[in-house]
Amino acid sequence: MTENGRIPLKRMQLILTGIILLSIILFSLIAGIISVIVLETTLSFEEEEVENQIERFSDTINLSMMQISRTAEDYGTWDETALFIQGKNQEYPEAQISVESLDSMGIDIFALISPDGNRIFFLNISPGTSETDPDVSGLSPYLSPGSPLIISRKNPVAHQVFATGTHAGILVSSPVTFHTRREDTGGTLIMGRYFSEGFLDELSLMSKSPLLLLNESQGMEIFGLEDPDHPDIRVQVLNKT
């Protein structure tokens, strides 16, 4: 202070400069805290949305699997199917199985496996078309005697996610038995459905992460996933690293 009680101009400028700097620092801290809160909130909303979308995706797959399972069980307990497995009723494929009927039920793959593991009937409808494709090479591992679909045939229904290199989908198997009498033919019926083109790519772009579709046994083998309350077919989001 000067003798007349006034603060020198230079000291006043220093005080004002200090106040301004402190204000800037305080404002920056507040802005940083707000930015972190907003970012965390936004990320939380985005993660929740992705989780919800993945949940819907997984539910869609499981619903599709259940629909095919019911159809496979119906055909697997049909006497006409059982007779064909036993080498009788040779008109069965032409009379009972048509591209139109399978297409209307959303079935793209239909195969009958004899008790000794031989494929005695195979119908493959190309994805996105109503044209049949006789090429079975991509599906052979799933239709062979060592396939879990056939090994597990004693269960009511076995199912497996498959990939052929160009297409992916779901396969379901059911034992072939007589309906009018409790007799197991030893044969296996396999039905399947292809995923529509871009089905996984769309979700991968949405979640900004690569995706891998697993069934329960594959999930346990690769990731050790185990949840008795979780649907059997699940979507596993893989970290990009």
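## Strand pairing around β5

Strands β1 and β5 run antiparallel and are joined by 5 bridges. Within this pairing, Ile 109 sits opposite Gly 192 of β5. The model described here is predicted.

β5 also pairs with β4, again in the antiparallel sense, over 8 bridges. Here Pro 175 faces Thr 188 of β5. The link from β4 to β5 is a hairpin of 6 residues. How enclosed is β5 by the rest of the structure? Of its 11 residues, 9 are buried, so β5 is largely enclosed.

## The chain as a whole

The protein chain contains 8 helices and 7 strands. It has 241 residues, and 36% of them are buried. About 14800 Å² of the chain is exposed, with carbon and sulfur atoms supplying 57% of that area.

Contacts reach across the sequence. Take the contacts between residues at least 6 apart: 55% of them join residues at least 24 apart.

## The nonpolar cores

In soluble globular proteins, nonpolar side chains tend to be buried together. In this model the largest nonpolar core holds 27 residues. Ile 97, Phe 110, Leu 112, Leu 189 and Met 191 have the most contacts inside it. Both helices and strands contribute. The elements giving two or more residues are α1, α2 (79–85), α4 (99–104), β1 (109–113), β2 (119–124), β4 (168–177) and β5 (184–194). Helix α1 provides the largest share, 6 residues. A second core is separate from this one and has 14 residues, including Ala 111, Leu 143, Ile 150 and Phe 162.

What does Met 191 touch, leaving aside neighbours within four places in sequence? One set of its contacts is Ile 68, Thr 71, Ala 72 and Tyr 75. Another is Ile 107, Ile 109 and Phe 110. Ile 170, Leu 171 and Val 172 complete the list.

## The end of β4 and the hairpin

Thr 177 lies in strand β4. Is Thr 177 buried or exposed? Its relative accessibility is 19%, and buried means under 20%, so Thr 177 counts as buried. Residues up to four places away in sequence are not counted in its contacts. Thr 177 then touches Gly 76, Thr 77, Trp 78 and Ala 82, as well as Glu 183, Asp 184 and Thr 185.

Glu 183 also takes part in a salt bridge, with Arg 181 as its partner. The closest N and O atoms of this pair are 2.6 Å apart. The structure holds 1 salt bridge. Arg 181 is partly exposed, at 40% relative accessibility. Glu 183 is partly exposed too, at 28%.

## A nonpolar patch on the surface

Some nonpolar side chains lie at the surface. Met 12, Ile 15, Leu 16 and Ile 19 form a nonpolar patch there. Together they have about 330 Å² of accessible area.

Met 12 belongs to helix α1, which spans residues 9–76. Why does Met 12 count as partly exposed? Its relative accessible area is 32%. The partly exposed class lies between under 20% for buried and over 50% for exposed, so Met 12 falls in that class. Helix α1 thus has a residue in the surface patch, and it also gives 6 residues to the largest core.

Notes
Residues are numbered from 1 along each chain as its sequence is written. This is a predicted model: local features need pLDDT of at least 70, side-chain atom pairs count only at pLDDT 80 or more; totals for chains, interfaces and linings use all residues. Side-chain values use heavy atoms; hydrogens and water are left out. Patches are made of residues with over 30% relative accessible area and no salt bridge: like charges are joined within 9 Å, nonpolar side chains (Val, Leu, Ile, Met, Phe, Trp, Tyr) within 5 Å. Accessible areas come from the Shrake-Rupley method with a 1.4 Å probe; for residues, only the protein chains shown count as cover. A salt bridge is a side-chain nitrogen of Lys or Arg within 4 Å of a carboxyl oxygen of Asp or Glu. Helices (H or I, at least four residues) and strands (E, at least two) are DSSP runs, numbered from the N terminus. Buried means under 20% relative accessible area, exposed over 50%, partly exposed in between (1.4 Å probe, protein chains only). A nonpolar core is a set of buried Ala, Val, Leu, Ile, Met, Phe, Trp, Tyr and Cys residues joined through side-chain atoms within 4.5 Å. Contact means heavy atoms within 4.5 Å. Two strands pair if DSSP finds at least two bridges between them.
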